[in-house]
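Thanks for coming. I have one structure to go through today, and I will keep it short. Please have a look at it before I start.

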There are 2 protein chains.
Amino acid sequence: MQDLKPTSQDCSDCPIRHRAVCARCEQDELKLLEEIKYYRSFEAGQTVIWQGDKMEFVASVVTGIASLTQTMEDGRRQMVGLLLPSDFVGRPGREHAAYDVVATTNLVMCCFRRRPFEQLMITTPHIAERLLQMTLDELDAAREWMLLLGRKTAREKIASLLAIIAQRTAALDQAVTNNSLSFDLPLTREAMADYLGLTLETVSRQISALKKDGVIHLEGKRAVTIPDMNMLLDEAGDDSDGGMLA
Amino acid sequence: MQDLKPTSQDCSDCPIRHRAVCARCEQDELKLLEEIKYYRSFEAGQTVIWQGDKMEFVASVVTGIASLTQTMEDGRRQMVGLLLPSDFVGRPGREHAAYDVVATTNLVMCCFRRRPFEQLMITTPHIAERLLQMTLDELDAAREWMLLLGRKTAREKIASLLAIIAQRTAALDQAVTNNSLSFDLPLTREAMADYLGLTLETVSRQISALKKDGVIHLEGKRAVTIPDMNMLLDEAGDDSDGGMLA
DNA sequence: ACGGTGCTTTGATACAGATCAAAATATCAA
DNA sequence: TTGATATTTTGATCTGTATCAAAGCACCGT
């Protein structure tokens with residue numbers, strides 16, 4: 001488990017390739033994956049899977065952003081997962097989807113037929129190991145979110161969300177000058193509200209407030225600049241050391 | 001992964017024995033576990049591990065209840081996990097605890113020295129597999145909780161918590177007569193508040209309200225009777241089919 | 001029985017965020 | 001360019017839950 005280090009190229013067909021590349025894939029495993037793999041594209045707003053649908057595949061996000069959402073009978077919605085490139089979706093062993101999966105931007109996913117993938121997991125222990133690590137990461141993220149949902153103020157929630165998106169997308173494709181950085185906000189106000197347990201009006205107001213206070217900058221409606229990341233993290237109320245990666 | 005069925009006796013020393021007994025443990029694996037295993041007891045209120053402490057062990061709850069809690073600098077607290085008998089705690093591969101672990105009742109844990117346990121996971125794939133299943137279950141529970149924290153009303157939150165405790169403890173030690181069942185509430189009002197993202201006053205008020213409306217019964221302060229489980233589930237706002245186990 | 005120390009309940013009031021409503025702005029097709 | 005539609009902002013008001021405060025109860029050691 002210790003020898004999995006993020007690199008960039010080898011093993012590009014591995015379902016678990018992105019966040020940390022698997023250094024142990026054997027040629028024949030890759031062949032097996034090749035056989036059960038296919039790509040699918042979705043447009044922003046399209047639903048990838050409905051809660052309760054039969055799961056024919058598990059998948060990994062290649063480009064774009066998807067969200068996992070739970071809905072109550074009366075329509076209240078809560079996002080419970082945000083899938084960025086490299087994130088995995090689908091639970092091996094589960095027949096039916098537990099959540100709606102929605103493309104919040106244009107989206108490309110790399111899908112693996114579920115049954116053969118499950119088989120592969122059994123014969124290839126290190127895939128299961130890797131999946132365990134990823135699941136534990138997700139669990140940590142979920143628990144961080146629970147703190148946010150249960151105890152943070154609206155302003156702190158917004159700041160936290162911006163910080164998370166900034167950190168995750170900055171790693172991928174962004175110029176970071178000293179403490180400042182820019183990125184494109186990939187979520188509508190409504191999607192943010194669903195993520196944060198707020199209404200879209202409150203999201204809008206708090207973003208305006210952060211803007212007025214100079215914590216963030218907006219060009220147009222979607223392009224965000226964060227002049228000072230530390231200022232944002234202060235607003236987020238996270239315990240000091242930007243623990244994201246611990 | 002399909003051949004793990006809940007039974008009751010064999011393999012009683014296996015760290016993953018409880019919720020579903022591992023049918024594949026070999027004799028020598030048990031010997032290895034025996035060597036790295038020890039029991040620890042805690043009194044209600046004691047802290048098992050502080051966030052940031054060095055993790056010397058991973059463990060499984062034998063009896064009693066523990067909680068995982070996150071705390072913000074200014075003292076706001078959010079419980080992010082409730083550990084009942086059979087639940088596992090500790091992340092293999094992580095040096096330092098990410099959360100406070102607190103005994104909310106008297107507690108007995110079966111601990112395994114961390115390093116040797118990690119080693120064992122590498123040499124014994126099916127332990128990793130089992131751990132993956134348990135982690136995925138926890139992730140599902142966490143996401144259910146995110147819906148609760150983000151979108152449910154105070155009354156729905158209380159009803160949901162009672163339903164969860166009822167369902168998890170009923171399985172272990174309770175007489176269930178038709179739809180009615182009783183159990184001992186193992187959490188203080190404050191602990192419930194930390195779990196639900198509420199204040200203890202609100203918890204108290206809502207419990208009183210549920211009592212007045214006949215949804216629950218209290219004898220003393222801790223013994224709860226639920227006359228009709230379906231009524232409680234209605235109050236919880238969960239989507240119809242008590243999906244807990246899906 | 002006594003007084004202490006924690007829990008829990010109940011009451012009065014305040015406020016953050018929800019809700020309802022409408023205007024402003026962006027997006028896009030023709 | 002011009003509507004037509006979707007998204008975002010802003011305003012006015014309402015409400016569920018927090019906050020502050022105090023009283024009620026249960027448990028425990030002496």
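I will take the surface around one DNA strand, then turn to one helix.

A word on what you are looking at: this is a predicted model.

Start with DNA strand C. It is surrounded by 16 residues. Among the closest are A154(A) and T202(A) from one chain, with R189(B), S204(B) and R205(B) from the other. By class, that surface has two nonpolar residues, seven polar ones and seven charged ones.

Which part of the strand faces the protein, sugar and phosphate or bases? Counting the atoms of DNA strand C within 4 Å of the protein, 62% are in sugar or phosphate, and the rest are in bases.

Now the phosphate contacts. In T202(A), a side-chain N or O atom sits 2.4 Å from a phosphate oxygen of DNA strand C. For S204(B), the corresponding distance from a side-chain N or O atom to a phosphate oxygen is 2.8 Å. R222(B) also has a polar side-chain atom 3.4 Å from a phosphate oxygen of this strand. As for elements, those giving two or more residues to the surface near DNA strand C are α6 (200-212) of chain A and α6 (200-212) of chain B. The largest contribution is from α6(B), with four residues.

On to the helix, α3 of chain A, residues 125-151. Why should it span 39 Å? Because it has 27 residues at 1.5 Å a residue, and its end C-alpha atoms are indeed 39 Å apart, so the two values agree. As for exposure, α3(A) is mostly covered, with 22 of its 27 residues buried.

That is the end of my part.

Key: Residues are numbered from 1 along each chain as its sequence is written. Chains are lettered from A and ligands numbered from 1 in the order in which they are written. This is a predicted model: local features need pLDDT of at least 70, side-chain atom pairs count only at pLDDT 80 or more; totals for chains, interfaces and linings use all residues. Side-chain values use heavy atoms; hydrogens and water are left out. A residue is near a molecule or strand if one of its heavy atoms lies within 4 Å of it. A polar contact is a pair of N or O atoms within 3.5 Å; within protein, one must be able to donate a hydrogen and the other to accept it, and residues adjacent in sequence count only if both atoms are side-chain atoms. Ala, Val, Leu, Ile, Met, Phe, Trp, Tyr, Cys and Pro count as nonpolar, Asp, Glu, Lys and Arg as charged, and the others, Gly among them, as polar. The expected span of a helix is 1.5 Å times one less than its number of residues. Buried means under 20% relative accessible area, exposed over 50%, partly exposed in between (1.4 Å probe, protein chains only).
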